[in-house]
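Let's take a walk through a protein model together. Have the sequence and the 3D view ready, and turn the view as you read.

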Amino acid sequence: MDNMNKRILIAILLSVAVLVAYPFIVPTPKPPRKDIQASQGVEQPAANRAENPTSAAQVLPVTAEVSKEEHTITIDTDLYKAIFTNKGGVIKHWELKKYWTDVTRQNSIVLIDPGKEIVAAYPLSTSVENNELNNILKDGLYKVDGSDLKLSAGNPTGTLSFTLVDSKSGKGFKKTFTFHNDTYTVDVDLIPVNITESYAVSTGSNFGIHEWGEARMLGFVGPITMVGSKLEKDKVSKITGPVYHDGEIQWTAIQDKYFLSALIPKEKVNRVIVKKDREKDVQSSIEVTAGRKISLVLYAGPKESKQLESLGVGLDKTIPFGWFMFWELGVISWLAKALFYILQVFHKYSGNYGISIIFLTTIIKIIFVPLTYKSMKSMKAMQRLQPELQKLQKKHKDDKVALNKAMMELYKTHKVNPLGGCLPMLLQLPVFMGLYNLLAYSIELRQSPLFLWIKDLSLKDPYYVLPIIMGISMLLQQKMSPSTVDPTQAKIMLIMPVIFTFFFLNFPSGLVLYWLVNNLLTVGQQVIQNKYFSGK
């Protein structure tokens with residue numbers, strides 16, 4: 001589906017005669033990979049630990065009784081409902097209360113609920129290289145310190161702890177979770193007990209993925225990690241073995257178009273390991289060296305721009321506002337965020353994102369009136385020269401050099417720039433791309449209605465009414481535009497509205513609405529300008 005949309009956008013860009021190439025940031029060379037198994041199995045030299053005291057293994061005098069049976073603990077907040085189990089001390093169920101699977105709002109979004117499916121790793125599970133100890137950590141029944149929590153504005157935080165110490169080896173973990181009523185974050189403290197080797201903390205299999213996206217438009221689905229200031233995306237189909245990301249780890253996450261779960265270390269971490277255990281079963285883990293204690297923040301929820309920005313670690317970059325064909329561009333991202341802010345202002349007063357899109361499109365159209373006026377003026381001038389150009393083409397039909405020279409002389413004499421009709425449109429391109437990304441990726445538009453039969457602006461029009469009206473408006477706009485090509489070519493160009501209508505059939509309704517309103521406003525502008533030019 002991604003490829004299809006790239007082709008669609010390429011077609012759109014070609015239609016306005018755009019061919020733009022952008023340079024790219026040269027990827028930062030990755031540090032040489034190390035085999036995690038080798039690093040975990042080797043004791044760190046004493047001299048190295050002395051140089052870096054924070055990496056020294058912590059041997060803590062923590063003991064705990066082994067629980068006799070499995071217990072589940074429910075955490076209920078205004079935003080989500082989570083179920084933890086003392087078997088492994090992990091998350092077993094995570095359900096969002098303010099997001100639903102469809103517009104009927106009967107079923108909440110569930111980011112993890114293994115049910116009958118076998119998952120390779122549960123969220124916040126820990127693992128070590130020692131298989132025997134690993135099985136104990138995975139299946140052991142942790143002692144629970146805490147009970148079901150019902151958080152609210154009057155009771156905004158709560159804590160839950162799990163502790164397991166193997167009676168044979170004396171090794172284990174203590175996990176402490178602190179919950180907050182008004183955010184999707186959980187503070188996590190992990191204390192290894194008598195463990196001196198490296199261990200990994202997992203996001204959990206597919207935790208954060210609600211939909212894989214076969215039938216959806218756009219969006220990267222899978223593991224994504226920020227190393228330094230660079231995003232590393234691991235395409236699921238290309239993961240054949242462990243994938244290592246080394247460097248200054250900001251966070252690692254599993255995401256789909258609208259949701260994600262992320263582990264954000266509060267302390268320095270230098271490696272993330274991405275794994276695929278089977279098709280569509282991916283997880284990402286943070287590696288903690290030398291048995292250190294680690295504090296993390298877990299975020300599991302929607303990709304709301306404000307929520308992600310408030311964390312201050314660049315998690316908002318998982319929303320691809322800067323996407324342009326194959327790359328992320330900062331200027332487009334900046335424009336998209338500015339347009340998003342304006343859209344929010346309109347929504348605050350209108351209460352309807354469809355109406356907000358109409359207002360925003362109108363504002364953008366008004367801002368670009370001078371540019372479209374210049375474009376149309378240039379096209380009119382070119383149209384007036386068509387008879388003389390055709391004469392030159394007949395006169396120099398066997399000599400292209402002479403033809404080009406004569407045409408340039410003609411343009412110079414009449415002070416016409418043949419590119420004058422396209423250049424103003426090029427200047428609008430970044431704004432268009434920013435708006436396109438905004439409407440395509442904003443979760444705020446998900447399940448937001450327009451009117452009547454359109455219940456969700458992020459989905460296609462179920463009856464294709466908007467795309468068809470859009471196609472008619474595009475045909476009308478094209479018929480009214482000054483033609484700078486010969487009549488035969490002009491007739492061929494009339495097929496473009498048909499092609500665009502076909503493409504837009506599966507576009508989100510919000511995008512089609514924008515394009516339709518833009519077409520109608522352009523037609524209105526052309527009516528006014530045609531009267532103005534005809535009077536001259």
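The paragraphs below go from strands to aromatic rings, and the model they describe is a predicted one.

Let's begin with a sheet. Strands of a sheet pair through backbone hydrogen bonds, either parallel or antiparallel. Here you can find an open sheet of nine strands with antiparallel pairing, in the order E6-E8-E9-E10-E19-E16-E15-E12-E13. Its edges are strand E6 (143-145) and strand E13 (230-233), each of which pairs on one side only. On average, neighbouring strands of this sheet are turned by 20 degrees against each other, direction ignored.

Now zoom in on one pairing in that order. Strand E12 (residues 222-227) and strand E15 (residues 249-255) run antiparallel and are joined by six bridges. To see one of these partnerships, find Ile224, whose bridge partner in E15 is Ala253.

Next, look at strand E18 (residues 281-288). How many of its eight residues are buried? The count is eight of eight, so both faces of the strand are covered: Asp281, Gln283, Ser285 and Glu287 point one way, Val282, Ser284, Ile286 and Val288 point the other way, and all are buried, each having under 20% relative accessible area. E18 also has strand partners. Four bridges join E11 to E18 in an antiparallel run, and Val201 has Ile286 in E18 as its bridge partner. Strand E17 (residues 271-278) pairs with E18 over six bridges, again in the antiparallel sense, and Arg278 stands opposite Asp281 in E18. The hairpin of E17 and E18 has two residues between the strands, and Lys280 there takes a positive phi near 60 degrees.

Let's turn to the rings. The model has 17 aromatic pairs. In one of them, Trp94 and Phe207 meet edge-to-face, 5.9 Å centre to centre, with 70 degrees between the planes. This pair links distant parts of the chain, 113 residues apart: Trp94 is in strand E3 (residues 90-100), while Phe207 is in the loop between strand E11 (199-202) and E12. Are these two rings' residues buried or exposed? Trp94 counts as buried because its relative accessibility is 0%, and Phe207 is buried too, with a relative accessible area of 0%.

Another pair is Phe346 and Phe359, with ring centres 5.6 Å apart and planes at 55 degrees, so this pair is tilted. Phe346 lies in helix H6 (residues 330-350) and Phe359 in helix H7 (residues 353-367), 13 residues apart. Phe346, at 22%, counts as partly exposed, and Phe359 is partly exposed at 39%.

Finally, look for a cluster linked by ring pairs: Tyr436, Phe500, Phe504, Phe507, Tyr514 and Trp515.

Terms used
Residues numbered from 1 in each chain as written. Predicted model: local features only at pLDDT ≥ 70, side-chain atom pairs only at ≥ 80, totals over all residues. Heavy atoms only, no water. Pairing = 2+ DSSP bridges. Axes fitted to C-alpha atoms, helices over the stretch in contact; angles between N-to-C directions. Phe/Tyr/Trp six-rings, centres within 6.5 Å; stacked < 30°, edge-to-face > 60°. Buried < 20%, exposed > 50% of the residue type's maximum accessible area, 1.4 Å probe, protein only.
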